[in-house]
Amino acid sequence: MGCRSEGGQGTWLRQLGSGGVGSWSSSKAGVSSCSIACSRIHRRTTQPNPRASLPRKIPSLHHSGLTASCAELPAALPSSEFSGSSYRAVPMCILVEKQHQLRGFASTTPYLTGGQQRRRKNYGIFSSELSNTAVERLLEFAREPAPSEQGQLISGLQSAELARSDLEEGNRRTKIPFNIIFVTAEVAPYSKTGGLGDVCGSLPIALAARGHRVMVISPRYMNGVTDAKFAGAFDTQCRIKIGCFEAEHEVAFFHEFRAGVDWVFVDHPSYHRPGTPYGDTRGAFDDNQFRFTLLCHAACEAPLVLPLGGFTYGEKCIFVANDWHAGLVPVLLAAKYRRFRVYKDARSILAIHNLAHQGVEPATTYSKLGLPGDWYGALEWVFPTWARKHALDKGEAVNHLKGAIVTSDRIVTVSQGYAWEVTTVEGGWGLDGLLRSRIAVINGITNGVDVDDWNPMTDKHIAAQYTLDDLSGKAECKAALQKELGLAVRPEVPLVGFIGRLDYQKGPDVIQAALPEFMQDDVQMVMLGSGDPQIESWMKWAEATYKDKFRGWVGFSVPVAHRITAGCDILLMPSRFEPCGLNQLYGMRYGTVPVVHSTGGLRDTVEDFNPFANAGKGGGTGWTFSPLSKEAMLGALWTSIQTYREHKASWQGIMRRGMEQDVSWDRAALQYEQIFEWSSIDPPYA
């Protein structure tokens with residue numbers, strides 16, 4: 001099928017064998033009667049209208065299926081919706097957002113082109129494709145209790161509630177199938193360095209299982225180590241030329257159809273080098289901007305030129321751009337394609353996995369990106385004075401992630417807590433102002449996990465399998481881990497584990513500060529990770545100093561990570577910030593109780609233990625602590641250890657509640673569907 005287009009594993013502390021096998025160190029809608037043109041839904045409330053000063057213009061509803069006028073709709077609603085003297089006027093278009101109460105009025109998002117800032121009004125106009133299902137949802141939402149009846153008026157972002165995710169048998173197939181294109185720098189199992197790869201390797205499969213047509217586009221990395229993972233992808237014989245970085249670059253597409261998903265890999269010599277997708281032992285690759293610009297251009301062309309399964313995806317699709325590496329996709333759709341009426345029906349979703357990485361490069365590189373000159377403002381970035389290198393430095397740069405924020409139709413983060421954090425000064429990494437201006441279209445969806453890979457009933461890496469009904473295998477896993485570590489096999493001693501990168505984000509320095517005091521207790525601890533050389537050296541020192549209590553592994557091993565997750569009693573995660581976090585989900589699935597810093601996705605997924613909840617039966621799945629300090633962390637650890645030692649029934653309850661949590665991708669997929677529906681209601685944002 002030819003085509004041509006012109007368009008724009010770790011090391012032990014002591015030793016590691018050449019085969020990668022190490023050994024532990026022996027050092028031991030009611031509606032008013034107004035006309036459609038100014039239709040409003042009235043909801044009773046005793047709170048003042050937070051939008052009283054906002055523009056009041058409401059557009060007409062453009063949908064041939066809406067045969068009833070707004071005055072006719074209230075007849076279907078309870079009369080109590082219109083009783084009382086205090087009402088809050090809400091535009092009808094807001095209701096499709098469920099509880100996103102900030103959507104539907106004028107958005108003051110800065111939108112920069114041609115060096116000038118102009119403000120775009122987004123009233124949430126209904127498109128001609130609004131389904132009858134969406135209308136039913138409007139009416140259903142209108143019947144829900146008003147915020148005042150629930151006790152308080154919560155902001156749209158904080159009260160955002162996505163689709164019900166009760167996956168009954170009749171709800172496992174979508175009613176509105178979409179063509180979905182995931183663009184990502186990494187994807188498991190082909191190329192993975194962290195959570196981004198896990199998400200893009202699992203979520204598309206869950207969406208495909210629900211009836212969507214899904215494509216994942218990622219580079220074809222040939223690094224001499226993981227080449228065999230791409231063996232199932234064949235050359236489509238499709239070549240396109242991409243104009244960027246002052247030349248034309250020919251790229252090829254490789255394709256594998258697996259698990260109902262089209263896995264497409266962009267092939268170019270810049271992806272053929274040793275190391276990770278982003279760098280090698282000497283640091284990040286200097287040409288990463290070029291490599292991922294090429295990926296974005298290729299991703300925009302792929303749905304148009306690749307006849308996968310006999311026909312192309314076409315122009316009507318939804319792009320999911322993951323992190324800054326795919327940040328140019330929404331910009332390209334708006335600046336390069338829509339001006340020629342291509343992709344006029346496409347939508348783009350920006351998925352933020354880690355806001356700390358933004359793809360900031362010198363301003364002079366803009367001319368190389370293959371974008372029209374008058375779109376420079378979309379990527380324009382100016383560093384504050386204090387962040388500039390010298391007095392003559394103007395601080396001018398281009399920011400790929402910022403470009404995606406101001407041009408994408410909707411924004412998704414990997415947890416509800418992180419959706420709020422990115423709008424704060426502390427968690428916004430300089431983009432908090434822009435993100436606050438787009439708060440109406442930001443949602444948080446907690447990641448799922450691969451429930452087949454991380455399953456204590458079938459895990460081949462652990463000493464014994466176990467289930468929620470029979471936890472005896474977990475005790476065997478603990479004993480086997482203690483024996484492997486060279487620690488005393490003592491079931492009564494709490495075993496605490498840490499798995500993660502040894503860097504500032506994950507908080508190993510907090511563990512370092514607390515360890516001398518913590519080791520005074522009758523406990524055992526194991527750490528697995530690599531990163532900061534100073535922390536690695538400290539782990540070696542700690543193992544030598546606390547020979548009977550502490551063990552460490554410098555590096556990473558998937559089998560060992562599974563054994564630690566299954567064998568430990570407590571999983572410690574003192575992360576400074578955590579967009580979602582996966583280890584706490586793995587831990588709960590294996591009955592290992594998480595003790596975590598109350599931030600981002602950790603706060604969303606770990607519920608504090610309360611022995612008095614549920615009529616004294618107890619509630620919660622672990623412990624959270626705040627602020628991030630040695631004292632707060634030790635306090636949470638000692639509380640959990642005391643519960644482990646003295647309240648066995650409560651501990652069993654915590655374990656079981658954790659194992660009962662639905663952490664599958666099916667729940668997340670259903671919520672992503674709602675985002676796709678919302679994005680399709682409005683016209684393209686840019």
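**Figure 1. Close-up of E578, a buried residue in the loop between β24 and α14.** In this predicted model, E578 has a relative accessible area of 5% and is therefore counted as buried. The residue lies in the loop that runs between β24 and α14. Which residues are in contact with E578, once its neighbours within four places in sequence are left aside? They are Q505, K506, M573, T599, G600, G601 and L602. For one of these contacts, L602, the C-alpha atom is 6.7 Å from that of E578, although the two residues are 24 residues apart in sequence.

**Figure 2. Strand β25 and the parallel strands on either side of the pairing, β24 and β26.** Strand β25 covers residues 593-597, and 5 of its 5 residues are buried, so the strand is largely enclosed by the rest of the structure. Both faces of β25 are covered, with V593, V595 and H597 buried on one side and P594 and V596 buried on the other. Strand β24 (residues 570-573) runs parallel to β25 and is joined to it by 4 bridges, and M573 has V596 of β25 as its bridge partner. Together with helix α14 (residues 583-589), β24 and β25 make a right-handed β-α-β unit. With strand β26 (residues 623-625), β25 pairs in the parallel sense over 3 bridges, and here V595 has W623 of β26 as its bridge partner. The chain passes from β25 through helix α15 (residues 600-605) to reach β26, and this β-α-β crossover is also right-handed.

**Figure 3. T621 and its contacts in the loop between α15 and β26.** The loop between α15 and β26 holds T621, which has a relative accessibility of 3% and so counts as buried. Leaving aside its neighbours within four places in sequence, T621 is in contact with M588, V593, P594, T605, V606, E607, I654, R657, G658 and Q661. Two of these contacts, V593 and P594, are also among the buried residues of β25.

**Figure 4. An open antiparallel sheet of 3 strands, with helix α7 packed on it.** The strands of this open sheet are arranged in the order β16-β18-β17, and their pairing is antiparallel. Strands β16 (360-362) and β17 (380-382) stand at the edges with a single partner strand each, so one side of each is left without a neighbour in the sheet. From one strand to the next, the twist averages 45 degrees. Strand β18 (residues 396-399) is joined to β17 by 3 bridges, the two strands running antiparallel, and V382 has E396 of β18 as its bridge partner. Helix α7 (residues 400-407) packs on the sheet and touches β17 and β18, with its direction making about 60 degrees with that of β18.

**Figure 5. The cysteines C244 and C300, neither of them in a disulfide.** A search of the whole structure finds 0 disulfides. What is the distance from the sulfur of C244 to the closest cysteine sulfur? The closest is that of C296, and at 10.0 Å it is too far away for a bond. C244 is buried, with a relative accessible area of 3%. For C300, the nearest cysteine sulfur is likewise that of C296, at 7.0 Å, and C300 is buried with a relative accessible area of 0%.

**Figure 6. Two cis peptide bonds, each leading into a proline.** Most peptide bonds are trans. A cis peptide bond joins A188 and P189, with omega at about 5 degrees, and P189 is found in the loop between β7 (179-183) and α3 (195-209). A cis bond also joins S626 and P627, again with omega at about 5 degrees, and P627 is placed in the loop between β26 and α16 (630-646).

**Figure 7. Positive phi values at E246 and W429.** Most residues other than glycine have a negative phi. E246 has a positive phi, near 60 degrees, and its place is in the loop between β9 (234-244) and β10 (247-258). With a relative accessible area of 70%, E246 is exposed. W429, which is not a glycine either, has a positive phi of about 50 degrees, and its place is in the loop between α8 (416-421) and α9 (432-437). The relative accessible area of W429 is 43%, and the residue is partly exposed.

Conventions
Residues numbered from 1 in each chain as written. Predicted model: local features only at pLDDT ≥ 70, side-chain atom pairs only at ≥ 80, totals over all residues. Heavy atoms only, no water. Pairing = 2+ DSSP bridges. Axes fitted to C-alpha atoms, helices over the stretch in contact; angles between N-to-C directions. Contact = heavy atoms within 4.5 Å. Buried < 20%, exposed > 50% of the residue type's maximum accessible area, 1.4 Å probe, protein only. Right-handed = clockwise from strand over helix to strand, strands pointing away. Disulfide = S-S within 2.5 Å.
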